[in-house]
Amino acid sequence: MLYREAGQFKTSYSADQGIFPILQDRIGMAILLAVAFVAVPLLASDYFLSTIFIPFLVFSVAAIGLNILTGYCGQLSLGTGGFMACGAYAAYKFATAFPELNIVVVFLLSGGVAAAVGVVFGVPSLRIKGFYLAVATLASQFFLIWLFTKVPWFVNYSPSGVISAPPREVFGWYVTGIEATAEAKYLFCLAFVAVLALVAKNLVRGRIGRAWMAIRDMDIAAEIIGIRPLQTKLLAFAVSSFYCGVAGALWAFIYTSSVEALAFDINRSFQILFMIIIGGLGSILGAFLGAAFIVLLPIFLSAVPQAMGVPVTTSTLAHLEFMIFGGLIVFFLIVEPHGLARLWQLAKEKLRLWPFPH
Amino acid sequence: MDFMIDFLFGPLKEIWEFPIFFVEVVVGGILTGVMYSLVALGFVLIFKASGVFNFAQGAMVLCAALTFVGFHELGVPQWLSLILTLGVMVALAFAIERIVLRPLVNQAPIILFMATIGITFFIDGFFQMVWGEDVKRLDIGIPKEPLEIGGVLVNTFDIVAALVAGTLVGVLAFFFQSTRIGRALRAVADDHQAAQSVGIPLQTIWVIVWSVAGIVALVAGIMWGSKLGVQFSLALIALKALPVLILGGFTSIPGAIIGGLIIGVGEKVAEVFWAAKIGGGIEDWFAYILALFFLMFRPQGLFGERIIERV
């Protein structure tokens with residue numbers, strides 16, 4: 001009863017095309033943003049901020065990126081980790097080569113570099129489709145990681161092969177480096193995520209997003225109705241890699257502060273693929289839900305046996321985690337193949353009627 | 001410029017000067033390629049019969065090898081542990097069909113693909129928990145001495161492995177072409193609905209095909225396990241088999257063999273003659289780039305079924 005569109009009349013085109021056409025959604029979003037920007041940094045401890053909230057935000061960006069490519073444009077990609085590494089290393093090179101450059105600009109530029117690399121590796125998608133493409137994108141994954149490990153120029157000839165984020169400030173607050181507080185990092189990340197999510201949401205519901213979806217549903221039919229496959233697919237690769245690149249830069253600079261290429265190996269790609277499948281393919285909300293699920297799940301899995309006081313060795317625990325993780329993935333796919341975002345849709349349907357039966 | 005010339009032509013000169021060494025490298029590549037094909041075969045079988053891209057094949061190789069060695073270490077003679085492992089693989093096929101595939105019937109291919117990744121995690125965790133995670137030695141009595149054939153040194157073990165793979169392919173080809181079940185399998189591969197409508201039980205067929213893939217995984221596991229030792233890294237061999245798979249085509253058994261040979265030779269030659277000049281360690285990605293190159297000309301792989309698209 002509370003959640004209904006009845007009685008909400010739109011009197012202008014812009015109102016009709018709003019992202020949140022229903023008042024309740026707007027209020028909910030405002031509350032969510034207020035909680036995220038004000039309540040969380042005030043209430044959450046440093047530990048929670050830096051082990052749960054910041055990785056969640058970083059993963060969300062990467063998941064949005066992959067969701068644009070796989071969920072909206074239908075090009076299954078297993079190279080996410082490679083593009084994230086691209087962003088991370090580009091950000092490191094920009095930040096060390098131009099120390100006076102604002103860190104926001106650095107991140108956007110590194111996203112741009114990742115986008116360029118993404119376009120190059122997206123070219124085969126014009127010929128190769130489906131699982132052939134998925135395996136072919138592994139080429140980018142392995143090649144890029146190898147490149148960053150083997151060429152010392154990327155790490156400024158540091159012998160350990162690890163890049164560490166130099167301290168940088170935004171509006172007089174340190175957001176990277178040792179002096180940065182968890183709150184500052186969190187807010188910086190959150191601002192990035194909020195803007196990027198808004199852009200993504202608007203992209204996918206506009207002309208470009210519709211072209212992507214047409215390509216996803218049937219590319220030949222899309223071509224016949226006048227969508228150019230070349231530009232559309234490459235644009236999807238570029239935008240997706242941009243998001244992944246920014247996510248990689250955020251990972252390296254904000255989340256871990258120092259990183260090596262192996263942090264972006266194939267398991268990272270699978271992790272992000274899990275996020276969008278569990279969250280829901282073709283849904284921006286799904287990217288967030290999936291990221292939250294995958295970030296929280298291992299924490300729960302390792303906390304539960306401790307809380308119950310069951311004595312298990314670390315290796316058994318690791319294997320058990322593997323098992324439960326795999327089992328849960330299969331379980332979720334069976335119960336709801338369309339992901340958590342679909343559950344939210346169903347919940348909205350229910351809310352419309354609640355508390356009445358019809 | 002000098003670097004480019006050296007990079008492009010240096011190795012060619014080397015090959016010209018030491019042809020015997022080059023032949024040795026190529027033969028080594030062929031034999032390694034056959035080992036890759038062994039793993040790729042499992043993928044092809046399942047993709048052919050159910051359209052599922054089974055990422056769990058690597059995990060199945062690991063679990064077969066672990067189970068085989070595990071039983072043997074408990075004091076079971078090798079022939080008996082082989083039979084027991086076969087039983088485990090068939091049971092695994094039953095479980096996967098019943099628990100995972102049946103509820104997910106008619107879902108999009110990507111969902112089934114993700115489900116097999118879930119299975120991978122589960123199998124990796126479960127079998128390592130049961131059998132432990134330390135490296136186990138596996139010795140099935142194949143000699144590993146180098147053998148000289150016409151001036152070319154070859155490892156005996158590799159030759160035996162190649163023979164085993166060849167036999168396996170022969171048996172599979174016979175099974176697919178000349179038995180009742182094989183015909184049913186091919187029918188299912190062609191068209192699920194049509195096969196069902198002429199009375200082929202889809203679920204039984206899936207159990208059979210996953211069992212056969214399990215048996216192939218067992219052979220691959222024993223061969224790779226006695227080469228590298230039985231340990232977690234066996235599961236990563238799947239990543240080696242994937243380029244073989246796309247190069248040969250997802251649906252072709254001969255494709256898996258030819259693809260394996262091309263990848264094996266290409267990788268070995270590039271590794272021996274070119275890798276040192278660009279820092280080494282190229283085996284992770286070279287096969288993928290090579291496969292990608294072939295795919296640009298034949299997007300369905302060398303022997304894959306032609307993809308016909310209609311609106």
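So, what share of the contacts in chain A with a separation of 6 or more is accounted for by residues 24 or more positions apart? The figure is 75%. Keep that in mind while I walk you through the two chains, and please remember throughout that this is a predicted model.

Let me start with how far we can trust chain A. The average pLDDT there is 87, and 99% of the residues score at least 70. If you go element by element, strand 2 of chain A, residues 169-170, has the lowest confidence, with a mean of 76. Helix 8 of chain A sits at the other end, with the highest value, 93. As a general caution, predicted coordinates should not be read in detail where pLDDT is low.

Okay, overall build. Chain A has 14 helices and four strands. Its C-alpha atoms fill a box of roughly 65 × 60 × 45 Å along the principal axes. Is that what you'd expect for a compact globule? Well, for 358 residues the radius of gyration would be near 21 Å, and chain A comes out at 21 Å, so the two agree. As for burial, 45% of the 358 residues of chain A count as buried.

Now let's zoom in on helix 8, since that's the part of chain A with the highest confidence. Helix 8 covers residues 207-217 of chain A, and it packs against helix 10 of chain A, residues 229-255. The angle is about 105°, and the axes are 10 Å apart. So helix 8 of chain A is roughly perpendicular to helix 10 of chain A. Who touches whom? From helix 8 of chain A we have Ile208(A), Ala211(A), Trp212(A) and Ile215(A). Across from them, in helix 10 of chain A, are Pro229(A), Thr232(A), Lys233(A), Leu235(A) and Ala236(A). Sort the residues of that contact by class and you get seven nonpolar, one polar and one charged.

Carry on past helix 10 and you reach Ser257(A), in the loop between helix 10 and strand 4 of chain A, where strand 4 is 258-259. Ser257(A) has a positive phi, about 70°, although it is not a glycine. Is Ser257(A) buried or partly exposed? Partly exposed: it has 19 other C-beta atoms within 10 Å, and the cut-off for buried is 20 or more.

One more backbone detail in chain A. Trp354(A) and Pro355(A) are joined by a cis peptide bond, with omega at about 5°. You'll find Pro355(A) in the segment after helix 14 of chain A, which is 340-353.

Right, over to chain B. This one has twelve helices and two strands. Reading from the N terminus, the order is α-α-α-α-α-β-β-α-α-α-α-α-α-α. The radius of gyration of chain B is 20 Å, close to the 19 Å the globule rule gives for 311 residues, so chain B is as compact as a globular protein of that length. Its C-alpha box is roughly 65 × 60 × 35 Å along the principal axes. In chain B, 46% of the 311 residues count as buried.

A residue to click on in chain B is Val34(B), in helix 2 of chain B, residues 19-50. Val34(B) is buried, with 23 other C-beta atoms within 10 Å. Not counting residues up to four places away in sequence, Val34(B) touches Ala161(B), Ala162(B), Ala165(B) and Gly260(B).

Last stop: where the two chains meet. The contact takes 35 residues from chain A and 39 residues from chain B. On the chain A side, helix 6 (130-150), helix 9 (219-224), helix 11 (266-279) and helix 13 (314-335) each supply at least two residues. Which of these helices gives the largest share? That's helix 13 of chain A, with 13 residues. By class, the side of chain A that touches chain B has 27 nonpolar, five polar and three charged residues.

To see this up close, pick Met323(A) in helix 13 of chain A. Met323(A) is buried, with 20 other C-beta atoms within 10 Å. Leaving aside neighbours within four places in sequence, Met323(A) is in contact with Phe122(B), Gly125(B) and Phe126(B). That's my tour, thanks.

Note on methods
Residues are numbered from 1 along each chain as its sequence is written. Chains are lettered from A and ligands numbered from 1 in the order in which they are written. This is a predicted model: local features need pLDDT of at least 70, side-chain atom pairs count only at pLDDT 80 or more; totals for chains, interfaces and linings use all residues. Axes are lines fitted to C-alpha atoms, for helices over the stretch in contact, and angles run from 0 to 180 degrees between N-to-C directions. Angles under 35 degrees count as roughly parallel, over 145 as roughly antiparallel, 65 to 115 as roughly perpendicular and the rest as oblique. Two residues are in contact if their C-beta atoms, placed from the backbone, lie within 7 Å. Ala, Val, Leu, Ile, Met, Phe, Trp, Tyr, Cys and Pro count as nonpolar, Asp, Glu, Lys and Arg as charged, and the others, Gly among them, as polar. The radius of gyration is taken over C-alpha atoms; the globule rule is 2.2 Å times the number of residues to the power 0.38. A residue is buried if 20 or more other C-beta atoms lie within 10 Å of its own, exposed if 12 or fewer, and partly exposed in between; C-beta atoms are placed from the backbone. pLDDT is the predictor's confidence in each residue, from 0 to 100.
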